[in-house]
Structure formats: structure tokens, C-alpha cells
Amino acid sequence: MLRIAVPNKGSLSEVAAEMLAEAGYSGRRDSRKLVHTDSRNGVEFFYLRPRDIATYVGSGALHVGITGRDLLLDSGSDAVEIAALDFADSTFRFAAPAGGDISDIAHLAGKRVATSYPKLVDDFLRERGVEATLVKLDGAVESAVQLGVADAVADVVSTGATLRAAGLDIFGPVILDSTALLIGGPTAHAGTDRLLRRLRGVLVARKYAILEYDLPIARLEAATEIASGIESPTVSPLKEDGWVAVRVMVLRDDANDVMDRLYDVGAKGIFVTQVHAARF
Ligand SMILES: Nc1ncnc2c1ncn2[C@@H]1O[C@H](COP(=O)(O)OP(=O)(O)OP(=O)(O)O)[C@@H](O)[C@H]1O
Ligand SMILES: O=P(O)(O)OC[C@H]1O[C@H](OP(=O)(O)OP(=O)(O)O)[C@H](O)[C@@H]1O
Ligand SMILES: [Mg+2]
């Protein structure tokens, strides 16, 4: 069985569970359950704290796992990235009181920096020769400055709303661009490729739609320039002479714009349908 580590709590857990369900796996029904076997698909899910997932996978106890790049790097584990999963995008940044005297990483020398990701921050500052004191907190790091336990923070930033509310401004270089990942470790398993193909299928199904239209064959070049598809459009003859039916994948976000442009080059009966699952 392929042994997969999945987040049991926090912002990654729900999206990861949805993605696995869309990929055809069964999941736990009871949120207190720590292990779930999907025997039909030959996989066993272990529900673990996101922060611990890289440790389990890096040690070889579990074959693969879903976690954030920031958590992977902070763990110091030997686990490696297999694929990005297109959710939980964030940046990892320094922030300090707006209008204060810390606006560059050099200003952190001798200061206290609060973070939940001490290895990530320590590695970053050490490489740049900045000696600061790290204050390790579990969460809600943005409050550390107001509460007087730190002079600056290093934390996950998505919209920036949490920092703004705490009166903090981002400064310095981006420490890391993070996203949710499928990670792997030293224990290879033949089932990993199938899992990856399924997860990629979910990403494609979420991102793309199927566009179909009829077109005078003479306009085919112009139309395929507008929508060229992932590989190549499928072109079938229509009963009416000189016309073809075209089927092509388009980015969902572009679908309406592409439809307008195809209409302008003479396409008729243009419609878009949703992709429910895909394999590439
Ligand atoms: N607001 C956010 N937007 C995008 N990704 C986020 C956000 N907050 C946390 N993450 C990502 O989620 C992962 C952190 O997982 P974690 O379980 O700590 O989430 P959490 O929601 O902070 O949970 P907890 O409340 O237990 O701290 C990291 O990879 C981090 O980059
Ligand atoms: O830039 P924003 O969109 O405001 O999001 C960033 C915030 O989201 C996460 O907090 P979370 O809710 O996970 O709380 P935590 O700090 O206790 O982990 C993260 O740690 C930041 O605090
Ligand atoms: Mg958090």
C-alpha cells in the first residue's frame, strides 16, 4: 500500500482532503480518526500535523505527503518536492512596526525576531551574516511586537491583512515563496506515479474547460491561433460541406474572451463544458 501523509488540521487540511476526493480517493469520515485505508485504490492515509509531515516522509516511515514548502524547509528533513499542488500560495516575509527604524535586514542585528519557522529564518539570516535573536512562537506571531516580546516578525503572508491589522509593514527580501506540495522521501513506491497523475488530473480539470465550435474550414488557421489547446485541437468534418467541428482545451479564466474572438473569426455554435477528471 502507498502510505500518504495528509494534514489533519489548519488551512491545508480541507483543501488537501477535497483534492484527494476529486482524485477518486475515499477519506476519513470522522475528523478524529488518524488513519484511513482506501483499499480499492491501494492507499493508506495518515492524518498528521502539517508541521510533522516532512519529518515522517523524510524518515521513510511514509512514502509521500502533502505539506507547504515553508514547512518542508523549516523541518530540515530530507524529504523533497515532487510537485506543486496549486493551493495555499503564500510568501514568507519580515515585518516590523510601520514607520519604525527597522526597514532592512541589516537593522535586525541584535534585535528579537518572532517566528514559528525558526530554521527557515535562521538559515536566511545566517547566510546573509545577520545575527538576531529568534523568539519561537506557535502562531499569531503578528502580536509579538505589540506585546513586547519581539522587535520584528517573520511570518506567512497571504493578503497582508493580518500584518496591517497589527500595525506592521513588510520589509526586506522575500524569504520564500511557498505553496502546497506533494513531497517524497527515501522510500520509493510504485503507487506514487498514479497518485501524482491523479492529482495533476485534478489540477487540469480545475483549470481548463472544453471548448467546442463549428467553423468554415477556411478559417481554421485563424481559429487555432486563438485557441491552440494543450496539445492540438481535434478537428472533425461536418456533414455540411466546407465546415468543421473543433474541440479544444482552454483555460477556464480565458474561456469567454476566447469565445468572443472565435465568434469574430466566424465560429458558430460555440460552447464550453466543464472537465470533471483528466489524465495526461
Ligand atoms: N493565510 C494563508 N494563506 C495561504 N497559505 C497559508 C495561510 N496561512 C498558512 N498557510 C500555509 O499553511 C501551512 C501552515 O499550515 P498550518 O497547519 O500551520 O496552518 P494554519 O492554518 O496556520 O494552522 P494552525 O492554526 O494550526 O497554525 C503553511 O504551508 C503556510 O504557508
Ligand atoms: O496575510 P493574511 O491573508 O492575513 O494571512 C496570513 C496569516 O494567516 C496565517 O495565520 P493563521 O490563521 O494560520 O494563524 P496562526 O498565525 O495562528 O497560524 C499566517 O500565519 C498569517 O498570520
Ligand atoms: Mg498558522
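This report describes a predicted model of a protein with its ligands, going from the overall form to the strands, loops and ligand shells.

## Overall form

The protein contains nine helices and 15 strands. Its C-alpha trace spans about 80 × 50 × 35 Å along the principal axes, and its radius of gyration is 24 Å, whereas a compact globule of 280 residues would have a value near 19 Å. Of the 280 residues, 35% are buried.

The domain assignment divides the protein into domain 1 (2–88 + 179–189), domain 2 (90–175) and domain 3 (208–274). Domain 1 is thus written as two stretches of the chain, 2–88 and 179–189. Taken over C-alpha atoms, the centres of domain 2 and domain 3 are separated by 50 Å.

## Annotated regions

Two features listed by UniProt can be set beside this assignment. An unreviewed entry gives "domain: ATP phosphoribosyltransferase catalytic" at residues 49–199. In the model, the span 49–199 is 30% helix and 32% strand, and its end C-alpha atoms lie 21 Å apart.

The other feature, also from an unreviewed entry, is "domain: Histidine biosynthesis HisG C-terminal", which UniProt places at residues 205–276. Over residues 205–276 the chain is 28% helix and 40% strand, and the C-alpha atoms at the two ends of this span are 6 Å apart.

## Strands β1, β2 and β3

Strand β3 (residues 43–48) pairs with strand β1 (residues 2–7) in the parallel sense, over six bridges, and with strand β2 (residues 35–38) in the antiparallel sense, over four bridges. In the pairing with β1, L2 stands opposite V43 of β3, while on the β2 side H36 stands opposite F45 of β3. The hairpin of β2 and β3 has four residues between the strands, and in this hairpin G42 takes a positive phi near 65 degrees.

I4 belongs to strand β1, and its C-alpha atom is separated by 4.9 Å from that of F45, although I4 and F45 are 41 residues apart along the chain. Is I4 buried or exposed? I4 counts as buried because 26 C-beta neighbours lie inside 10 Å, and the cut-off for a buried residue is 20 or more.

## The loop between β5 and β6

The loop between β5 (80–84) and β6 (90–97) holds D86, and A88 is placed in the loop between β5 and β6 as well. D86 is not a glycine, yet it has a positive phi of about 65 degrees; A88, likewise a residue other than glycine, has a positive phi near 55 degrees.

The surroundings of these residues can be described in terms of C-beta neighbours. D86 has 16 other C-beta atoms within 10 Å and is therefore partly exposed, as this count falls between the limits of 12 or fewer for exposed and 20 or more for buried. A88 has 24 other C-beta atoms within 10 Å, so A88 is buried.

## The shell around ligand 1

Ligand 1 has 14 residues around it, of which G10, S11, P50, G68 and S158 come nearest. Helices α1 (11–22) and α3 (69–75) each supply at least two residues of this shell. By class, the shell around ligand 1 is made up of five nonpolar, seven polar and two charged residues.

Which domains each give at least three residues to the shell around ligand 1? They are domain 1 (2–88 + 179–189) and domain 2 (90–175), so named in the domain assignment.

## The shell around ligand 2

Around ligand 2 there are 13 residues, and those that come nearest are G139, V156, S158, T159 and T162. The elements giving two or more residues to this shell are β9 (152–157) and α6 (161–165), and β9 gives the most, with three residues. By class, the shell around ligand 2 contains five nonpolar, six polar and two charged residues.

S158 appears in the list of nearest residues for ligand 1 and also in the corresponding list for ligand 2.

Key
Residues numbered from 1 in each chain as written. Chains lettered and ligands numbered in written order. Predicted model: local features only at pLDDT ≥ 70, side-chain atom pairs only at ≥ 80, totals over all residues. UniProt positions renumbered as here; feature names shortened; annotations may be inferred. Near = placed C-beta within 6 Å. Nonpolar A, V, L, I, M, F, W, Y, C, P; charged D, E, K, R; others polar. Domains from an automatic or database assignment. Pairing = 2+ DSSP bridges. Rg over C-alpha atoms; globule rule 2.2 N^0.38 Å.
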